[in-house]
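Here's a quick tour of a structure you may want open in your viewer. The notes go from packing to charges to rings.

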Amino acid sequence: MSELREYRQLLRQARQLAHMPIALGEMHDAVTAVRRQLATGDTRQWQTQRRKTLLIMSGSLAAAFAVVVALFAVTAMLPKKVDAAEALQNAANATRGFKGWVHVMPVGQGDPLSAIKLRVQSIDINTSSGDFAIVANVYGALIVQMYSPAAHEMRTYTSLSGTVLISSVPGDAAETRRAAEFPFKLADFLKRITSRGLTAPTVAESNDQGLQKFNLTLSDDSKKTLDQYPELPNGNATLWVDPQSKLIRKMTSQIEGQPVIMEYTYGEPNIRDIYDLGVPKTARIVDNRQVETDANRPAMSNLPPTAQLVKDESIDVKAFEARLQKRIDRDWGDFVLLECHKTGRGHSEGQLTIDARQGDKALYAIYLLSPELALWGGEGFPKGWPTPMLSDVVSQLRSVRPLGSDAFDGKTAWHGDMISGFNIQPTTGNSASLEVKSAMVFWPLLAPLPDHFGSRKVEILRDPARPGLIVVHIDETSTFQVPDSKAAYHSDALYWLDPAHDDLPVETVEHSNARGGDKLNFLRHVVYLDFARVAEGRWYPSHWQDGVEHWQQIIQNENLGPEWYGDPNLRITDAGIRFPTTEPTPARR
Amino acid sequence: MPEPTKSYVMRQALNRLLDAQGDRLYATLARLTLRADVAAELFQDLFVRLGRNNAFAEANDPTAYAFRSVINLAMEWRRKGRTGVKPVPLAAAMEIVSVEPSPLQRLVLSEQYERLLDALSELGESGQRIFVMRFIEQQSYEAIAREIQTTPHRARGLCHAAVRQLRGKLAERLLPGNPVCPEENHV
């Protein structure tokens, strides 16, 4: 079952790719170019444009080389550049050495009217303790996050719900944090360029309103370091330094791809807690942390013993394969599938997936419930979580914006996600049906692979410790190669199937070499804890763990309203979000 | 009447392919490279290669042969680290990636596709072919079965295997170097 979530994500991306619009003009030009080429004669004499370009370029290389040599000779004689580089290095060292609170204000963020974008107001970093806080606007509402590594605690407040959520995750503002912290890493960055033998960046120094201004430009080979330092996307930056303290006071940067200037001040005020950042003390506290104990330790944490398994010749493999295939192929008719996922260690995060079919209509939608929905003013986990009634799900999520969704009303398909919006897809096919079908396959595939695609050996075993179950052992080697390895893909899987529950798996243990090499050191372990029946009587897994905990309901005698299969834009009202009428600003104490 | 030359026969075959499948072949290249300029260049390469290869003219199903070549060309380009190509210019990628999202959204989409396609380029040729036929070209199991000369049932199994392979490769990309222990199931 753990495969299903990945399948959905993977298939969804592939489907988006399949529906990606193609620029007709470009296509026409490409076809015309080849048509012209076809008309020119012997096909064996053709050269591609790339090869022609290379030939032309090779003729220009000598001249280009001469220019580069001349430039090098000239620039190497400019002493000011060396001084500027040293001055910048001194500033980088001084800034790295500062201990205490640093307050960062981004200036000049574009698109201030964008409701959905994160607009950062301030960032506070304690370079001694590692405490980090960010104050921003999301949906035009105040959001404050403060992370304390010593307490392993993250507090998030939003004025949308007036709630402070406590969790143990370090937060999701990683990109903004990286950008803000770059001045403290500049010394290491410059050192890395030197230690890797790369060409030193060009540094030009000037004076700007009493500050030293440095324009830093990376050489082409130094840009190789940018995979670790994406803060310099174009390989250049401008920094302003206080000539007395040698601390960096301003730097060009970017937030969410938009250019900004970060202004830095050092020292007071000290930030003691989230309330110092303007969070009202009356805010409701929701503690989302969980302590793992032996009692709530997931069942999938312990692998089952296998030494006692013995071969069972009494079951015909081909007949059993046919039996499972029949179950896989059987139609589920009209249904609504609700799958609740609970993730998070030391805290609680939840999502809900809806898969549904009604005649030729189909729907797939996934919702972030907690902490996201709670922070945006929704109710977080729906009533009855993790096995809510369909009517409660419908009433709570009908107007909520899903994280991602595919809908098909029998004629038109819509695809989209929370950020991009939901658009009509240029398709005549049922884009949601593949998703829905993949969600309903619970059994392992036993059919042999064709010879040229590898081999799948299947044997039936018996587990004396669980005599009522049929154990299927599948050893599969396919012709697909594992990355960075010449070894063929190899997996060795055991499935404990329960005939009393329509041969559904009770436990799955799969070892494979999916990480490369010959060793089967990639583990997938799923424990199915409970089963339920659909209205017509068939069993399905209703609760399982695979690192994430899942609860599933397949409902056959109820359905969603027609609005769920149609244009999501007509349904989504964002009614759960209480937009403030004016843009809030934090009141620092 | 003189017998037509080999070159003439080949050109006729290529013209037929261009007329009947040119748009589809280009679209597949554009989707597998995410670059209109690269797709145009590889499209040209495709016809050069086909024109130099008698196997194309002699193939039972020249269209299937051409599509196999398209996948190979695109995947070869990805595997070689897109040599000779500057970093993806967002403006160029945008045109074929999305309808009208913002630059950031385009970048996110583009990154997702890049990740998927890079992982796909690491599959064997059979896996790439099956995956592209089923999920990018959205062919039925019956059509895939006809093309690879097997049963629809087995074609379905092969698609399943290809997706599983791809999933493994994506997992490896996302979780490099993590220790393997029962507590860390990769879902």
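What follows is a walk through chain B, the nonpolar cores, the salt bridges and the aromatic contacts of a predicted model.

Let's start with chain B. It has nine helices and zero strands, so the element string simply reads α-α-α-α-α-α-α-α-α from the N terminus on. Of its 187 residues, 53% are buried. Take the contacts in chain B between residues at least 6 apart in sequence, and 63% of them join residues at least 24 apart. The exposed surface of chain B comes to about 8,200 Å², with carbon and sulfur atoms supplying 50% of that.

Now the packing. The largest nonpolar core holds 62 residues, and the members touching the most other members are L25(B), Y26(B), F43(B), F47(B), L120(B) and F131(B). Helix α1 of chain B (residues 6-33) gives this core its largest share, 11 residues. F131(B) is a nice one to click on: leaving out residues up to four places away in sequence, F131(B) touches L116(B), L120(B), I136(B), V163(B) and L166(B), plus L10(A) and A14(A) from chain A. There's also a second, separate core of 39 residues, with L324(A), L497(A), L504(A) and Y528(A) among its members.

On to charges. Over all chains, the structure holds 17 salt bridges. Three of them, all in chain A, are set out here.

| Salt bridge | N to O distance | Relative accessible area |
|---|---|---|
| E459(A) with K311(A) | 3.6 Å | E459(A) 24% |
| R398(A) with E563(A) | 3.2 Å | R398(A) 34%, E563(A) 28% |
| E510(A) with R524(A) | 4.0 Å | E510(A) 2%, R524(A) 3% |

What does the E459(A) bridge tie together? E459(A) sits in strand β20 (residues 454-462) and K311(A) in strand β13 (residues 310-311), so the pair connects parts of chain A that are 148 residues apart in sequence. R398(A) and E563(A) both lie in loops, R398(A) between α8 (390-397) and β17 (404-408), E563(A) between β26 (549-555) and α10 (568-571), and the two are 165 residues apart. R398(A) counts as partly exposed, and E563(A) does too. For the third pair, E510(A) belongs to strand β23 (residues 504-512) and R524(A) to strand β24 (residues 522-533), 14 residues apart. Are these two buried or exposed? E510(A) is buried at 2%, and R524(A) is buried at 3%. Elsewhere in chain A, a network of salt bridges links R323(A), R327(A), D502(A) and D503(A).

Last, the rings. Searching the whole structure turns up seven aromatic pairs over all chains. One of them is F184(A) with Y264(A): the ring centres are 6.3 Å apart and the planes meet at 80°, so the pair is edge-to-face. F184(A) comes from helix α5 (residues 174-195) and Y264(A) from strand β11 (residues 258-266), 80 residues apart. F184(A) is buried at 11% and Y264(A) at 1%.

The pair F43(B) and F47(B) is edge-to-face because its ring centres are 5.2 Å apart with planes at 70°. These two are four residues apart in helix α2 (residues 36-52) of chain B, which means about one helical turn separates them. F43(B) has a relative accessible area of 0%, and F47(B) likewise has 0%.

W332(A), F442(A) and W443(A) form one aromatic cluster. Two charges sit over rings as well: the charged end of K281(A) is 5.4 Å from the ring centre of Y275(A), and R571(A) lies over the face of W564(A) at 4.4 Å from the ring centre.

Notes: Residues numbered from 1 in each chain as written. Chains lettered and ligands numbered in written order. Predicted model: local features only at pLDDT ≥ 70, side-chain atom pairs only at ≥ 80, totals over all residues. Heavy atoms only, no water. Core = buried A, V, L, I, M, F, W, Y, C linked by side-chain atoms within 4.5 Å. Buried < 20%, exposed > 50% of the residue type's maximum accessible area, 1.4 Å probe, protein only. Contact = heavy atoms within 4.5 Å. Salt bridge = Lys/Arg side-chain N within 4 Å of Asp/Glu carboxyl O. Areas by Shrake-Rupley, 256 points an atom, 1.4 Å probe, with all protein chains shown as cover. Phe/Tyr/Trp six-rings, centres within 6.5 Å; stacked < 30°, edge-to-face > 60°. Lys NZ or Arg CZ within 6 Å of the ring centre and 35° of its normal.
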